[in-house]
Structures are given as structure tokens and as C-alpha cells.
Amino acid sequence: MGTAGRMLIVEDERPALRNLEHIMKKEGYEVQGTLSGSNALKLLDEQEFDLVLTDLRMEKVDGIEVLERAKRLYPDIEVIMITAYATIPTAVETMKKGAYDYIAKPFKLDEVRKVARAALEKVYLRKENASLREQLERFEGKVRIITQNAVVNGLLETARQIAPTDCSVLISGESGTGKELFARYVHFMSQRAEGPFFAINCGSLNEELLSNELFGHEKGAFTGASSMKKGLVEVAAGGTLFLDEITEMSTAMQVKLLRVLQERELLRLGATEAVPIDVRVVAATNRDIQSAIKGGSFRQDLYYRLNVVSLHIPPLMERKDDIPLLCQHFLRKYSTLMKKDVRDVSQNVLDILMNYDFPGNVRELENIIERGIALANSASIELAHLPEDLKALNVKTFRRKDGGIPSLEEQESSYIQWVLKETGGNKTQAAHTLGIDRVSLWRKIKKYSLEDGDSSK
């Protein structure tokens, strides 16, 4: 369960306090006891606790005040209320205020132990998750783009150059290539890095909802609008707004967005006065935007407004030199998160990955490595840990030991040898697989000295 929990017990009856202190110390907890609520507040101000057991009814400062102070000072703390039978309804109310549970007097020792243990396990789990998040943030930094590819490094250099300006950026690329990651990179390299970063997928909402999310509304603007709502364009003031799948936006919405970008102000639905805006827009699409313009589904004037600088992220199949590097990155990331010692990808697996087209791009590779680590029971990801569709590819690579490119004859010889092995030496089946007749196969076997001594099959 981790290290011994630090516990504060607040009980105004001395015998009951001594009893609880004795029980909890025997359980291995570090215990601090006090007879008054006012002293409990003082102790909470001075030191951090994981768990508070407090009497509900006390003079001057009651258990509710102790609960509220504890939760305000330490959001992860848990509080258990101790109450007489007559005050159980009040104790139930305290749970709505954040108490973990309550124990009614006269309490049973096993019940106290059980509830305290469960509360502390919840605290430990929350702290463990927070620690993992911190490790991940330290590991990845704010935005880290893993590459050794010349094209991607060129894009990063362009992003660094234009980031300090406030020009709009249009990022294109297939799904899973990392368009939002590049948008965040531009944001954190800019003078707006301390401001907010908001992302919205324009294809995930209908026109009415998207308009409301982006531009907001005034109170009473429509039925159910009980209060004013600021849109993301306004909320992202001083920061960056990332509009993903911009080509999915309706032409009516494109007109509204164009006006906002041109005028640098917006009119909430139901408003009579425009609000000035201060936001940088980065847009992205996985479609051919030029075809969308020619087809009339995307406005050319909005395209020019968004496309001050364009970044096209290549698919993973065009940057295969990054695959080993990305594998190591995801290995470290998910081994840390899953607390597993998986340090490597086997050569067989790497061969398959290097010869795979990755329709899902970097996101798909990340999922493959995450899955592999979850299934791995050794220090490396093996063929058995790959998804079935990848295993079914039966990809075979042919490389010379000296690392050079093999000749066509060497490639053919290796391939025939592999097919013979896969068919168990059955030459009829091998010939069928190779798309040649048995006589042609026999000649090639002789030519490359591949005869295994059995020509009957």
C-alpha cells in the first residue's frame, strides 16, 4: 500500500481518542491526536496529513469546519466523520461536502480499520497517478516532437521561425501524423506560450453547436440560454486556438469565422456590441484543401486568411527513418506509465514495422507499442505481442549481413529459400505460391544450390 499514512485524529472524549490512537498506531500509521477542533485546524495549518478522523459534534470548532479546512489545504486528503447515532443524517450531509465516509458510535474496531484502510488506499492511488503524470510531463516536456527525418526537422525549423509572429498557420497531413502536436509546438515557441491553448474538432459538432462553442451567446439568446457563455475564440484570449479538420466546417460557419479573423472582433449570439479578440488561429486538415476549394465546399478567401504559413506533415511511411526512434520513445513512455521493464523491440518486430505502411501513422505506431508493452512478459516486444492483422502480414525482409543492398539474384534466392521453408519443402505448393511451374522452380533450385535432397514433393 506504499508508505505509512499520516493520520490526524480529532476526538473530544479522551478515552475514545486514546483508543483510536492505539488502534491506528498498531496498523502502522503515523498518528497525531487532539481533543479539540480548534487545535486540529492549527495542526492542519502546520503539517500535511493523508487522512483525518474527526468527531462531528465538538464545542467551538466542529467536524464540518475541520473537514472544510482539510479539503481546502490538501485537495487529496480524505476525511472520515465519527458520529453518534442521533447525528447520522448530518454525517451523511458531510459526505456531500467531500467526507469519505462516516463511522457511527459505538464503533467496531474492525470497521474503523477497514474504512481507514480504504480511504488511505484512495489517497495513495491519487498520489501515485499524480506522480505518474509528473513523470510523463518531465519525460515529454511541454511539447516534444521525436524525429531525425530531414523533412520533419525542416518543418520544425520553419515552425520556430514563424512562432514569434502572430500569423495564421495551416497544417495539413493524414490522420495520426501529429498535426495538433505541431500546433502546440508553434504555441509553446511563441510569445503566447503562457496563454491558453484550446483545440476543437470542427467535424465533431453540427453547425449550431460549433457556432456556440466558438463564438458564444448572451443570456436569453435562445430557449435554455440561462446565462452568458463566452466562446473559445474569446476564452483563448492571449493564447492559441487550434481548429482541427477545418474543411469539415459548413460554408455558413466559414463566413462567420472569416469575418472574426478579418475584423478581430466577434458578436456573440444575441449581443448588440462586438467584443475585441486577441487570439492566434492555427488550423489543420487531413483533406486536399485545394480540391475542396475547387469543389466549392471551402472558401478561397478563408483559405488565404488561414494559409499565411503552411506546414505539411509527411505520413510515417515517408519518414521510416523515424520508426526506430519513435519505438524507443514510446517504449520509455509506456514502460514508465505501466511500471514494466520493457526496453526493446525484437528485430523481427522491427522488420515488420519498417515494412508496414502505417495507414494510422504515428498514432498507430504508438498504439502498437503501448499494446506490446501491456502484453509483454519479458524485456522486449516480440511477434506474439503484435496485433493479429500485423502478424498476418508475414512480412519477410531480405538484408545482406554487411548491410549492403542485395542484388536481384540474391533477393530471388533468399525469397525462394524462405518460401520453401514456409511450405515445408513442398515444391508443388512453393511453385504455386511463387506463381511459376515446378520445372521452373526446379531449375532455380539448381541454379542457386538450394536443393534439400528431396525432389519428390
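**Exercise 1. Strand 3 and its partners**

Val-52 stands opposite Val-79 in strand 4, and the first exercise starts from this pair. The model is a predicted one, in which local features need pLDDT of at least 70 and side-chain atom pairs count only at pLDDT 80 or more, whereas totals for chains, interfaces and linings use all residues. Residues are numbered from 1 along each chain as its sequence is written, and side-chain values use heavy atoms, with hydrogens and water left out.

Task: Establish in which sense strand 3 and strand 4 pair, and how many residues of strand 3 are buried.

Solution: Begin with the elements themselves, where helices (H or I, at least four residues) and strands (E, at least two) are DSSP runs numbered from the N terminus. Two strands pair if DSSP finds at least two bridges between them, and strand 3 and strand 4 (residues 78–83) pair in the parallel sense over 5 bridges. Next, turn to strand 1 (residues 6–10), which runs parallel to strand 3 and is joined to it by 4 bridges; here Leu-8 has Val-52 as its bridge partner. Finally, consider burial, which means under 20% relative accessible area, with exposed over 50% and partly exposed in between (1.4 Å probe, protein chains only). In strand 3 (residues 51–55), 5 of the 5 residues are buried, so the strand is largely enclosed by the rest of the structure. Leu-51, Leu-53 and Asp-55 lie on one side and Val-52 and Thr-54 on the other, and both faces are covered.

**Exercise 2. The open sheet and strand 13**

Task: Find the order of the strands in the open sheet of 5 strands, and say which strands stand at the edges.

Solution: The order is 7-10-13-6-14, and the pairing is parallel. Strand 7 (197–201) and strand 14 (309–312) stand at the edges with a single partner strand each, so one side of each is left without a neighbour in the sheet. Neighbouring strands of this sheet are turned against each other by 20° on average, direction ignored.

The next step is to follow strand 13 (residues 279–285), which runs parallel to strand 6 (residues 169–172) and is joined to it by 4 bridges. Across these two strands, Leu-170 stands opposite Ala-283 and Ser-172 stands opposite Thr-285. Strand 10 is joined to strand 13 by 5 bridges, again in parallel, and Thr-240 has Arg-280 as its bridge partner there. The last step is burial: 7 of the 7 residues of strand 13 are buried, with Val-279, Val-281, Ala-283 and Thr-285 on one side and Arg-280, Val-282 and Ala-284 on the other.

**Exercise 3. Helix 6 against helix 7**

Task: Determine at what angle helix 6 and helix 7 pack, and whether their crossing is right-handed or left-handed.

Solution: Axes are lines fitted to C-alpha atoms, for helices over the stretch in contact, and angles run from 0 to 180 degrees between N-to-C directions. On this basis, helix 6 (residues 150–162) and helix 7 (residues 179–188) pack at about 40°, with their axes 8 Å apart. A crossing is left-handed if the near helix is turned anticlockwise from the far one by less than a right angle, and right-handed if clockwise; the crossing of helix 6 and helix 7 is right-handed. Then list the meeting residues, taking contact to mean heavy atoms within 4.5 Å: Val-152, Leu-155, Leu-156, Ala-159, Arg-160 and Ile-162 in helix 6 meet Phe-182, Tyr-185 and Val-186 in helix 7.

**Exercise 4. Two residues with positive phi**

Task: Locate Arg-264 and Asn-361, and decide for each whether it is buried, partly exposed or exposed.

Solution: Most residues other than glycine have a negative phi, and most peptide bonds are trans. Arg-264 has phi near 55°, a positive value, and lies in the loop between helix 10 (251–263) and strand 11 (265–266). Because its relative accessibility is 34%, Arg-264 counts as partly exposed. Pro-276, 12 residues away along the chain, has its C-alpha atom 6.1 Å from that of Arg-264, and at 67% relative accessibility Pro-276 counts as exposed.

Asn-361 has phi near 60°, also a positive value, but is found in helix 15. At 0% relative accessibility, Asn-361 counts as buried. As a closing step, consider the cis peptide bond from Lys-105 to Pro-106, with omega near -10°; Pro-106 is in the loop between strand 5 (101–104) and helix 5 (109–140).
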